[in-house]
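Please look over the sequence and the model below. A short report on selected features comes after them.

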Amino acid sequence: MIATELWQQFGNLTYQDIPESSRLVAKQCLLDWMGCAIAGSREPLADILKAEFAEVRGNCSIIGSNQKTTAQTAALLNGAIGHALDFDDTHTTMGGHPSVPVAPAVLAMGEQLNVTGEQLLTAYVVGIEVECRLGVLIGNAHYAKGWHVTSTIGVFGAVAAVSHLMGLSESQFEHAFGLAASQASGFKANFGTMTKPFHAGHAAERGLLSARLAKNGFTAHADSFEGSQGMVEAASNGEMDRAGYDQIKDQWLINDTLFKYNAACYLTHASIESLKNMGAYSTAENCQSIDLYVNPSLLNVCGIENPETGLEAKFSLRANAAMTVNGLDTSDPNTYSDENLFIPEVQSVLKRVQVHTDESYTGTQSKVVFHARDGSNQEQFYDTGIAATDLDMQLAKLEAKFENLVKPVLGDKFQELKQQLGTIETAGTIRTILNLF
């Protein structure tokens, strides 16, 4: 059973077992996700959820708030808050956002158990490695059917991470894994609404709950992922991709994490970067029309032709192209407002953007042809699916992003939080970090 295989590979993982490069990437992931969560704590979604759960009291932190709640509720709220901006990391192997279902779960349980930074970082890595492998096993058909992988596969990352943190036995983990399978949920139909980030919070909370119940003797079938009438059969093409799994099972997949530097759906980024690389040529004043060439699968994710809100604009190839050539800062989450979407010049260019499909491109690739008013044109190709190899340069970019997101909320305290997250493995207790906001 796949649950047993995963436990045998990661159930007793220690911090010392993790390669140094993977530890560095893990810390960068946590830094990036925390920045997104702190900024996301000022979104309307956060206020609604905090009000709804105001009477649920506990000793676990809600990011960006003095409000305390239970571990389970903290995982739910922090997961939703951390994905509110849709600015957190992504992963092509998993097929979704890896950190957002895992980090809130381990932070909540870690705070309740008062674990060390080293323990938390190890459990976090376990969660990422598990969910990425399951993303390969279930295959692309799952996502193509309309399931939101960040939630449906992310719940397994959350349960694996919390199970590791709580020290579940092999049989307990098998039950937790089976229980998580029955709670996997979330449809792409809700992209462009508050429900998309709620999916991530739900996955974090359900993963945490599954581990806790299994620890106390709750039962489930361990083969609920791949068995008869299980998740693979019900929500994919019925067969696990064992060949693909065998190719990656011994790799450290966390190293392939991709980070977002535009505050929109990651699948729009190749088009955005292509237009940016054209420099002064690709301006609204110079634009006659724009042709975007992408994989057809993108139309079911970021193919909203005429978005009606700033949130929907994040999932619109056409809107992102129009905003980019109009000089709007796509790295700033505040750019994706209703007001900016309906700037006349943005709407004018949006109507002249055509999206074409080409199956030769992967989901992270795009070709852009910019047609100028003088009859000339310029073509640019970009691929955002290649993970960075220069981790120092990546850290510098992520620290700049962190400052831009966190300083408006925490002021100069962002410096101390950045330092604490950068040395989290030395923290005697993670409560010292969580107390900073």
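The report covers two helices, a pocket and two loop residues.

## Helix 6

This is a predicted model. Helix 6 runs over residues 117-138. Its length can be checked by simple reasoning. At 1.5 Å a residue, the 22 residues of helix 6 should span 32 Å. The C-alpha atoms at its ends are 32 Å apart, so the expected span and the model agree.

Helix 6 is mostly covered, with 20 of its 22 residues buried. G139 follows helix 6. The phi of G139 is positive, near 80 degrees.

## The largest pocket

The volume of the largest pocket is about 820 Å³. Its lining is made up of 38 residues. The closest to the pocket centre are T92, G95, G96, N140 and Y143.

Several elements give two or more residues to this lining. They are helix 6, helix 7 (140-144), helix 8 (149-152), helix 13 (242-248) and helix 15 (299-302). Sorted by class, the lining of the largest pocket holds 15 nonpolar, 18 polar and five charged residues.

## Two loop residues with positive phi

Most residues other than glycine have a negative phi. Two exceptions deserve a look.

D86 has a positive phi, near 55 degrees, and is not a glycine. D86 sits in the loop between helix 4 (71-82) and helix 5 (99-113). Is D86 buried or exposed? The relative accessible area of D86 is 4%. Buried means under 20%, so D86 counts as buried.

Q229 is not a glycine either, yet its phi is positive, about 60 degrees. Q229 is found in the loop between helix 11 (195-215) and helix 12 (231-235). Is Q229 buried or exposed? Its relative accessibility is 68%. The cut-off for exposed is over 50%, so Q229 counts as exposed. In short, D86 is buried, whereas Q229 is exposed.

## Helix 17

Helix 17 spans residues 317-325. How many of its nine residues are buried? The count is nine of nine, and the helix is mostly covered. The buried residues are L317, R318, A319, N320, A321, A322, M323, T324 and V325.

G327 comes just after helix 17. G327 takes a positive phi of about 80 degrees.

Terms used: Residues are numbered from 1 along each chain as its sequence is written. This is a predicted model: local features need pLDDT of at least 70, side-chain atom pairs count only at pLDDT 80 or more; totals for chains, interfaces and linings use all residues. Side-chain values use heavy atoms; hydrogens and water are left out. Helices (H or I, at least four residues) and strands (E, at least two) are DSSP runs, numbered from the N terminus. The expected span of a helix is 1.5 Å times one less than its number of residues. Buried means under 20% relative accessible area, exposed over 50%, partly exposed in between (1.4 Å probe, protein chains only). On a 1 Å grid over the protein atoms alone, a cavity is a set of points where a 1.4 Å probe fits but cannot get out, and a pocket is an open set with protein on both sides within 12 Å along at least five of seven lines; lining residues have an atom within 4 Å of a point. Grid points are joined across faces, edges and corners, and a volume is the space filled by probe spheres set on the points. Ala, Val, Leu, Ile, Met, Phe, Trp, Tyr, Cys and Pro count as nonpolar, Asp, Glu, Lys and Arg as charged, and the others, Gly among them, as polar.
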